[in-house]
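Biologist: Got a minute to go through this one with me? I'd like to start with the helices and then move on to pockets.

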Amino acid sequence: MVDHSEVDILPVGGGHGSARSKRAGEWCRVWSVSAAELCGTSLLVLLSCLPAAADPQPGLLQRSLSAGLVVALIVQCFDHVSGAHLNPTVTVAAALSGRTPLPVAAAMCASQLAGSALGAVAARLLSSRDIITVCITTPASHISVYQAVVIEMLLGCCLALANLSSWDVRNQYLIDSWPLRIGFTVSSLSLVAGDLTGASMNPVRSFAPALCSGNWTAHWVYWVGPLSGSCLAVALYAALWRDTAAAPRRTAPSSTCTYTHQQNKT
């Protein structure tokens, strides 16, 4: 398996040729990352909405487990290409923490938006039921929109913290089973708040069903909440848990092979 971040663009000709080759390599990298985010987010929306076609409707436990395991599947497929963010909440955390350049982060967010719309259209085409209306995330009737936005902020903060800690150099050897670990993180957050806000924690996951159905009820909650939670997580991590040269590192695992993970995680 080739780690795209490690592929070097070889110089061609003189200095100008080398510069052109480097720029071409950078654009190729951005397109590769964008394509991975588009495909991954399409699958995320499609596969997380399909259970709504079942009769009877799945309960909270099934919805939460399926959402987390779908995330694990997609992270396994695309983590080595783009980091498999699948979510602007994670991409914003990566950009603000300096892990992802702003132009690349912007391209990733645009790809996530487009991918989510494609996934919602595919879900509608694959089911005889109007499952898109069932997939819409709206606050429960017994909580206010302001309570909902705080809940989504908390979920976004937790998700961003999970990623920030996984990117920390002090955890460089704690990389085994990352797809399952982030998948079960999503499942746990979904179990906590699924019956309150839908536990979106992902603006584009809420955007696509709203776009296809035309139902924008309290939609702003699913942008303001998770993204503000992501910003809060970055600020907290930088203020309280920033890596320092003196910070202790985890020891390398005692095995014949040591793997070094150099990509973003969802």
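Modeller: Sure, here is a quick chat about one helix, two loop residues and a pocket. It's a predicted model, where local features need pLDDT of at least 70, side-chain atom pairs count only at pLDDT 80 or more, and totals for chains, interfaces and linings use all residues. Residues are numbered from 1 along each chain as its sequence is written, and side-chain values use heavy atoms, with hydrogens and water left out.

Biologist: Where does α2 bend?

Modeller: At Q76, by about 45°. That's the angle between axes fitted to the seven residues ending there and the seven starting there. Helices here are DSSP runs (H or I, at least four residues), numbered from the N terminus.

Biologist: And what follows α2?

Modeller: G83, with a positive phi near 90°. In the loop between α2 (60–82) and α3 (88–96) you also find A84, which has a positive phi of about 50° although it is not a glycine.

Biologist: Is A84 buried or exposed?

Modeller: A84 counts as buried because its relative accessibility is 0%; the cut-off for buried is under 20% relative accessible area, with a 1.4 Å probe and protein chains only.

Biologist: Switching topic: which helix gives the largest share of the lining of the largest pocket?

Modeller: α2, with six residues. The lining has 36 residues, and R63, T137, G198, A199 and R205 lie nearest the centre. A pocket is an open set of points on a 1 Å grid over the protein atoms alone, where a 1.4 Å probe fits, with protein on both sides within 12 Å along at least five of seven lines; lining residues have an atom within 4 Å of a point.

Technical notes. Helices (H or I, at least four residues) and strands (E, at least two) are DSSP runs, numbered from the N terminus. Buried means under 20% relative accessible area, exposed over 50%, partly exposed in between (1.4 Å probe, protein chains only).
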